[in-house]
Amino acid sequence: MTKQWKLKEIVLMSILGVVFGVIYLLFFLVGEGIRNILAPFGLAPFGYEVIYGIWFIVSIMAAYILRKPGVAFTAEVIAGVVEILLGSAAGPGLLLSAAIQGAGAEFAFALTGWKDYRLRVLVLSGISTAVVSFAWHLYSAGMIALAPWLIVSTLIVRIISAALISGVLGKWLSDQLAKTGVLRGYALGKELQRKRNYESA
């Protein structure tokens, strides 16, 4: 498998980055809503954590579809840039967070030499992103000031969210997209076609 990106791969990665940049921004509102619901129970810190995996999903989907080094990182950064351009309240600092999340997602694929894209690796990618991003947010977002039990609990919730939303849901969404035929010129689409050919042989 060649590691050089083709123009169509760059275009698809950019499209995914833009689409999910918009989705990411919308989910800040969802997170705020959940936070407000949980606040009276003293559980406001969990408001964003239960859905945090959504903010990692583009890196894992792009990597799973295209299967090239650097795709997970780049797709996440593109999504971050889109959020900033759309007026995210996080401002330019969001770009650094996006880069850290992208690096966390890329790490799991790098461990396999960018050769294994099975579900367990996608889930691992989500988990590694959750851990890396949490370590960054401990200080950048002031989470270190929380009670120890809250720090541990929110980390666990973020890991579970990342595994299920970015890993499991990310794979499912990509597979559904591939079944439509729109990804037939990309790595995931080609793999699906090979499976179909094998099953029909």
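In this structure, the charged end of K8 sits over the ring of Y186, 5.4 Å from the ring centre. The model is a predicted one, so here is a friendly tour of its aromatic rings and the charges that sit over them, drawn from the predicted coordinates. Searching the whole structure turns up seven aromatic pairs.

**Charges over rings**
- K8 and Y186 make up one such contact, with 5.4 Å between the charged end of K8 and the centre of the Y186 ring.
- R158 makes another, lying over the face of Y52 at 3.7 Å from the ring centre.

**Aromatic pairs**
- Two numbers are worth having at hand here, because a pair of aromatic rings is described by the distance of the centres and the angle of the planes.
- Among the seven pairs, Y52 and F56 are tilted, with 5.6 Å from centre to centre and 50° between the planes.
- Y52 counts as buried because its relative accessibility, 12%, is under 20%.
- F56 is buried too, at 0% relative accessibility.
- F109 and Y117 form a stacked pair, with centres 5.2 Å apart and planes at 20°.
- This pair counts as stacked because its angle of 20° is under 30 degrees.
- F109 is buried at 1% relative accessibility, and Y117 is buried with a relative accessible area of 7%.

**A ring cluster**
- F28, Y48, Y52, W55 and F56 are linked into a cluster by ring pairs.
- Y52 is a handy residue to select in your viewer: Y52 belongs to this cluster, pairs with F56 and has R158 over its face.

Notes
Residues numbered from 1 in each chain as written. Predicted model: local features only at pLDDT ≥ 70, side-chain atom pairs only at ≥ 80, totals over all residues. Heavy atoms only, no water. Phe/Tyr/Trp six-rings, centres within 6.5 Å; stacked < 30°, edge-to-face > 60°. Buried < 20%, exposed > 50% of the residue type's maximum accessible area, 1.4 Å probe, protein only. Lys NZ or Arg CZ within 6 Å of the ring centre and 35° of its normal.
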